[in-house]
Amino acid sequence: MNGGYDDGYRACPCFWGTQPGSLVERWLGHHPVSKETRVLDAGCGEGKNAAFLSTLGAQVDAFDLSAAAIANARQAWPPRPGLTYAVADARHHAWSPGNYDLVIAYGLLHCLASPGEIEDVIARLQRATRLHGHAIVCVFNDRVQDLAAHPGFAPTLMSHAWYLDHFASWTLESATDQDLWETHPHNNIRHCHSMTRLIARKAAP
Ligand SMILES: C[S@@+](CC[C@H](N)C(=O)[O-])C[C@H]1O[C@@H](n2cnc3c(N)ncnc32)[C@H](O)[C@@H]1O
């Protein structure tokens, strides 16, 4: 169960496009990247964020549950020193504490099966972030969801406030709850998702 995105990955080689997400661009506007910058991209899809950060010099570990997504990623942006891909499940992956300057969960969390699974993955991603490092989270929330373009997909929907609560001990650099209108290339159905988008900085306990 990966959100039903495999149909899209099989139908087109660059389902999510080639440009980094708007939140990644926003983060880059305020935070320089160097070859010391370590990034974890959890649920990376076809790697649009991972590959872009790696071209700027960051050391990026990217993984996704979908073998089809990772196959497309390897085709579009072949792995190289500083860019690794893995097929892996965020629910069962153990990351070293404090290992990453930036963790990204771009579209991952609503694919998980329950609030408990989301909490567990958030907690492990937070542990994997170094002190004063950042998390970028982009996730469907429970305000308005039109799932016409996602047949069979039942995302786990939590409120915007619920996500803010889970980053209450972090410093929020940006937090929005806005509608995203989009059309996926494999079925051409225009639809809308309410999205929580967060950039948060890990504060001292
Ligand atoms: C909305 S897509 C976003 C892909 C990518 N982050 C992007 O922004 O282009 C969500 C991705 O999360 C992946 N995913 C879902 N459940 C997962 C899990 N348990 N572990 C790892 N990846 C998962 C899906 O396969 C899918 O590629």
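I count a residue as buried if 20 or more other C-beta atoms lie within 10 Å of its own. The model is predicted, and I read the entries below with that in mind.

**Helix H3**

I looked up burial in H3 first. In this helix Lys48, Asn49, Ala50, Ala51, Phe52, Leu53 and Ser54 are buried. That makes 7 of the 8 residues in the run 48-55, so I noted H3 as mostly covered by the cut-off of 20 or more C-beta atoms.

Next I asked which elements the buried residues of H3 pack against. I found one helix, H2 (22-28), and the strands S1 (38-42), S2 (59-64), S3 (83-87) and S4 (100-106).

I then checked the backbone just past the helix. Gly57, just after H3, has a positive phi of about 115 degrees.

**The sheet**

I traced the strand order as S3-S2-S1-S4-S5-S7-S6, an open sheet of 7 strands with mixed pairing. At the edges I found S3 and S6 (171-183), each of which pairs on one side only. From one strand to the next, the twist averages 15 degrees.

**Strand S1**

I asked how many residues of S1 are buried. The count is 4 of 5, so S1 is largely enclosed by the rest of the structure.

I looked up its pairing on both sides. S1 runs parallel to S2, and 5 bridges join them. Within this pair I noted Ala42 opposite Phe63 in S2. I followed the chain from S1 through H3 to S2 and recorded a right-handed β-α-β crossover.

With S4, S1 also pairs in the parallel sense, here over 4 bridges. For Leu40 I found Val103 as the bridge partner in S4.

**Strands S5 and S7**

I turned to an antiparallel part of the sheet. S5 (residues 129-145) pairs with S7 (residues 190-201) in the antiparallel sense, over 8 bridges. Ile136 stands opposite Ile199 in S7.

**Helices on the sheet**

I asked which strands H3 lies across. They are S1, S2, S3 and S4, and H3 runs at about 170 degrees to S2. Helix H4 (residues 67-76) also packs on the sheet, where I found it touching S2 and S3. The direction of H4 makes about 155 degrees with that of S3.

**Drawing the entries together**

I put H3 beside S1 in my notes. H3 has 7 of its 8 residues buried, and S1 has 4 of its 5. H3 is the helix through which the chain crosses from S1 to S2, and its buried residues pack against both of these strands.

How values were computed
Residues are numbered from 1 along each chain as its sequence is written. This is a predicted model: local features need pLDDT of at least 70, side-chain atom pairs count only at pLDDT 80 or more; totals for chains, interfaces and linings use all residues. A residue is buried if 20 or more other C-beta atoms lie within 10 Å of its own, exposed if 12 or fewer, and partly exposed in between; C-beta atoms are placed from the backbone. Helices (H or I, at least four residues) and strands (E, at least two) are DSSP runs, numbered from the N terminus. Two residues are in contact if their C-beta atoms, placed from the backbone, lie within 7 Å. Two strands pair if DSSP finds at least two bridges between them. Axes are lines fitted to C-alpha atoms, for helices over the stretch in contact, and angles run from 0 to 180 degrees between N-to-C directions. A crossover is right-handed if, with the strands pointing away from the viewer, the path from the first strand over the helix to the second runs clockwise.
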